[in-house]
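Dear colleague,

I am passing on to you the structure we talked about, and below it I have set out what was found when its atoms were examined. Please read the notes with the sequence and the model open beside you.

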Amino acid sequence: MDTLQNHLLIAMPTLEDPNFRRSVTYICEHNAEGAMGIVINHPMSVTVADLLSQLQIEFDPQSKAAKAQVCAGGPVQNDRGFVLHSPQAGYVSSMQLNNGLMVTTSKDILQNLTTAEGPAQFILALGYAGWSAGQLEQEIADNSWLVIPADNRIIFELSHAEKWQGATHQLGIDVWQISPQAGHA
């Protein structure tokens, strides 16, 4: 496999780092220089409404989007926001990731999240996960991660609590079946 871009990393049960424990991470970029991903299932106690209020952005407090929890996207630059969302053009710094997924880092998307002009589906995350050249590959070899192709159903349709087990089900296994021991033939 040349790149893990557009894949999900599933944390092995033995991965105890609090930033990644039972995490599912969407890999936005992966190349010879390293990798960048966003943890999609570690909700914070902060809601979208809380964040928009803090940024002094007007919003509809009754919308479903306003009540959504913000995710801890990773330990790097956790003061920076990333919005993974269903396709919708027109935002300043949007990047197409796959046919049904985009990422936007510009503030202009925040003004639309609770309106009819906003994306149909989204995850708002603060921070990201980053790996230097070869680091992610080594962590996979060390049995820290399972890897599956990205599935927008897991990203958007499962609750945060369901994503880790839902992702392992894509492999045809249950989490309890995974041995904590690494093996190399």
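**Pockets**

The largest pocket of this predicted model has a volume of about 490 Å³. Its lining is made up of 21 residues, and those closest to the centre of the pocket are Lys 64, Ala 65, Ala 68, Phe 122 and Phe 156. Four elements each contribute at least two residues to this lining, namely helix H2 (64-67), strand E9 (122-132), helix H4 (152-157) and helix H5 (160-170). When the lining of the largest pocket is sorted by residue class, eleven residues are nonpolar, seven are polar and three are charged.

The second largest pocket has a volume of about 160 Å³, and 13 residues line it, with Leu 51, Leu 55, Gly 81, Leu 110 and Leu 126 lying nearest its centre. Strand E6 (residues 76-85) is the element that gives the most to this second lining, supplying four residues. Its classes divide into seven nonpolar, four polar and two charged residues.

**Nonpolar cores**

The largest nonpolar core holds 38 residues, and the members that touch the most others are Tyr 26, Ile 38 and Leu 84. Strand E9 gives the most to this core, with five residues, and, as noted above, E9 also supplies at least two residues to the lining of the largest pocket. If neighbours within four places in sequence are set aside, Ile 38 is in contact with Val 24, Thr 25, Tyr 26, Cys 28, Gly 73, Phe 82, Leu 84, Val 103, Ala 125 and Tyr 128. A second core of 14 residues is separate from this one, and among its members are Leu 51, Leu 110, Phe 122 and Leu 124. Some of these names have appeared already, since Leu 51 and Leu 110 were listed among the residues nearest the centre of the second largest pocket, while Phe 122 was listed among those closest to the centre of the largest pocket.

Leu 97 may also be worth a look while you have this part of the model in view. Leu 97 is in strand E7 (residues 94-98) and counts as buried, its relative accessibility being 9%. Apart from neighbours within four places in sequence, its contacts are Asn 6, Tyr 26, Cys 28, Leu 84, Met 102 and Val 103. Tyr 26 and Leu 84, in turn, are two of the residues that touch the most other members of the largest nonpolar core. Leu 97 and Gln 111 are 14 residues apart in sequence, and their C-alpha atoms are 22 Å apart in space.

**Aromatic pairs**

Four aromatic pairs are found in a search of the whole structure. In one of them, the ring centres of Phe 82 and Tyr 128 are 5.6 Å apart and the ring planes stand at 75 degrees, so this pair is edge-to-face. The pair links distant parts of the chain, with Phe 82 in strand E6 and Tyr 128 in strand E9, 46 residues apart. Both rings belong to buried residues, Phe 82 having a relative accessibility of 4% and Tyr 128 a relative accessible area of 17%. Trp 131 and Trp 145 form another edge-to-face pair, at 6.3 Å from centre to centre and with 80 degrees between the planes. Trp 131 lies in strand E9 and Trp 145 in strand E10 (residues 145-149), so this pair ties together parts that are 14 residues apart in sequence. Trp 131 is buried at 7% relative accessibility, and Trp 145 is buried at 4%. Together with Phe 20, these two tryptophans form one aromatic cluster.

**Backbone angles to check**

Which residues other than glycine have a positive phi? One is Arg 22, whose phi is about 55 degrees, and which sits in the loop between strand E1 (7-11) and strand E2 (24-31). Arg 22 is partly exposed, with a relative accessible area of 45%. Another is Gln 77, with a phi near 45 degrees, although this residue is found within a strand, E6. Gln 77 is likewise partly exposed, at a relative accessible area of 40%.

With best wishes

Definitions and conventions: Residues are numbered from 1 along each chain as its sequence is written. This is a predicted model: local features need pLDDT of at least 70, side-chain atom pairs count only at pLDDT 80 or more; totals for chains, interfaces and linings use all residues. Side-chain values use heavy atoms; hydrogens and water are left out. On a 1 Å grid over the protein atoms alone, a cavity is a set of points where a 1.4 Å probe fits but cannot get out, and a pocket is an open set with protein on both sides within 12 Å along at least five of seven lines; lining residues have an atom within 4 Å of a point. Grid points are joined across faces, edges and corners, and a volume is the space filled by probe spheres set on the points. Ala, Val, Leu, Ile, Met, Phe, Trp, Tyr, Cys and Pro count as nonpolar, Asp, Glu, Lys and Arg as charged, and the others, Gly among them, as polar. Buried means under 20% relative accessible area, exposed over 50%, partly exposed in between (1.4 Å probe, protein chains only). Rings of Phe, Tyr and Trp (its six-membered ring) pair if their centres lie within 6.5 Å; planes under 30 degrees apart count as stacked, over 60 as edge-to-face and the rest as tilted. A nonpolar core is a set of buried Ala, Val, Leu, Ile, Met, Phe, Trp, Tyr and Cys residues joined through side-chain atoms within 4.5 Å. Contact means heavy atoms within 4.5 Å.
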